[in-house]
Every structure is written in C-alpha cells, then in structure tokens.
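Charged side chains are a good way into a protein structure. Follow them here from pair to pair, and then on to those without a partner.

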Amino acid sequence: MSHALIADLGGTNARFAIVPIHEYEPLEVRVLPCKDYDNFFDAASEYINHCSVELADIDAVVLAIADPVNKPVIRFSNNPWYFTRSEIESYFGKDKAVALLNDFDAVGHCLKVLSTDDVIEIGEAKPVDAKEPCWVVDLERG
C-alpha cells in the first residue's frame, strides 16, 4: 500500500503522520520538538525510522509550513530550519509527489473532508456557497 507522509512544520514542533493514499485519517502521529533537530531532514529521518512505513513506500509528501512557500528557499520565522523544494525532492525521491503549503492554506483544505459532526455553525443559519470564502477555527488548539 502506498502512503503519504504529512507534516505540520512550525516554529516549536514538527508534527508528522502517515496517511494511506486516498484516505484521510492520519496514522502514527508523532510530535517532535524542532529544537531537538538541526534541520527538517533530521526530524523527518527520526520519524520515518520509527514508523511502520518504509521510505520506499512513501509516494507523496505534503508539508504544511508556518511561513510563505512561494520562495526559492523556505525559511521559518521562528526556528532556524530552511530547505528548498529541490532538497525535499532529492531526499524523498524525484518520483514522489511533493506539495508545500502554507499552514493556513493546509487547514483550509480540510473543509473538503470534514463531516457534519466536525462543524459548528456560528451565527445566523444560511446556505453555504462552496465558491465563497470559508473560515476554519481549530477549537482544540489553545
């Protein structure tokens, strides 16, 4: 079975998980403190070496990054890590699909897969136009 490696890369923590392709439930979630690793690749290696999926079985990489991703070098505003898309592709393999997303953009993509149990309506009830802007508020983060 092929998998995607997903990660939410912030200034304090890097959250990693594995997701089977065409599924949405993250598996083997692990939070690694950024300060414990010199760079993203050291943290990614630590995660992969301790999960049930081999690097060869990872067919896609999706990184949600706490900084703009449309620059030649991705730098973090509150940790010393940096890398390029090319370095990510070289590390995981040129044949792997790679998506680099701003972390807020990544959260917005969840709207496509949330169930009605995941949604709380705020304000006056009215039909939602899928083409209009939406807001995502994570009530579990403090």
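This predicted model holds 5 salt bridges. Three of the pairs are worth a visit, among them E46 with R30, E89 with R85 and D8 with R15.

Start with E46 and R30. Their side chains meet in a salt bridge, with 3.1 Å from N to O. Where do the two partners lie? E46 belongs to helix α1, residues 40-49, while R30 belongs to strand β3, residues 27-33. The two are 16 residues apart in sequence, so the pair ties together a helix and a strand. Are these residues buried or exposed? E46 has 23% relative accessibility, so it counts as partly exposed. R30 is partly exposed as well, at 28%.

Now move to helix α2. Here the side chains of E89 and R85 form a salt bridge, with 3.6 Å from N to O. Both residues sit in this one helix. They are 4 residues apart, which is about one turn of the helix. E89 is partly exposed, with a relative accessibility of 22%. R85 is partly exposed too, and its relative accessible area is 36%.

D8 and R15 make another salt bridge. Their closest N and O atoms are 3.7 Å apart. A salt bridge needs such a nitrogen and oxygen within 4 Å, so this pair counts. R15 is partly exposed, at 30% relative accessibility.

Next, look at the negative charges on the surface. Which residues form a negative patch there? The patch is made of E54, D57, D59 and D95. Patch members have no salt bridge and over 30% relative accessible area. Take D95 as an example. D95 lies in the loop between α2, residues 85-92, and β7, residues 97-102. Its relative accessible area is 68%. Exposed means over 50%, so D95 counts as exposed.

Finish with D67. This residue is found in the loop between β4, residues 58-65, and β5, residues 74-75. Is D67 buried or exposed? Its relative accessibility is 13%. Buried means under 20%, so D67 counts as buried. What does D67 touch? Leaving aside residues up to four places away in sequence, D67 touches R75, F76, S77 and N102.

Put the two loop residues side by side. D95 is exposed, whereas D67 is buried.

Technical notes. Residues numbered from 1 in each chain as written. Predicted model: local features only at pLDDT ≥ 70, side-chain atom pairs only at ≥ 80, totals over all residues. Heavy atoms only, no water. Patch = residues over 30% accessible without salt bridge, like charges linked within 9 Å, V, L, I, M, F, W, Y side chains within 5 Å. Areas by Shrake-Rupley, 256 points an atom, 1.4 Å probe, with all protein chains shown as cover. Lys, Arg positive; Asp, Glu negative; His and termini not counted. Charge placed at Lys NZ, Arg CZ, Asp CG, Glu CD. Buried < 20%, exposed > 50% of the residue type's maximum accessible area, 1.4 Å probe, protein only. Contact = heavy atoms within 4.5 Å.
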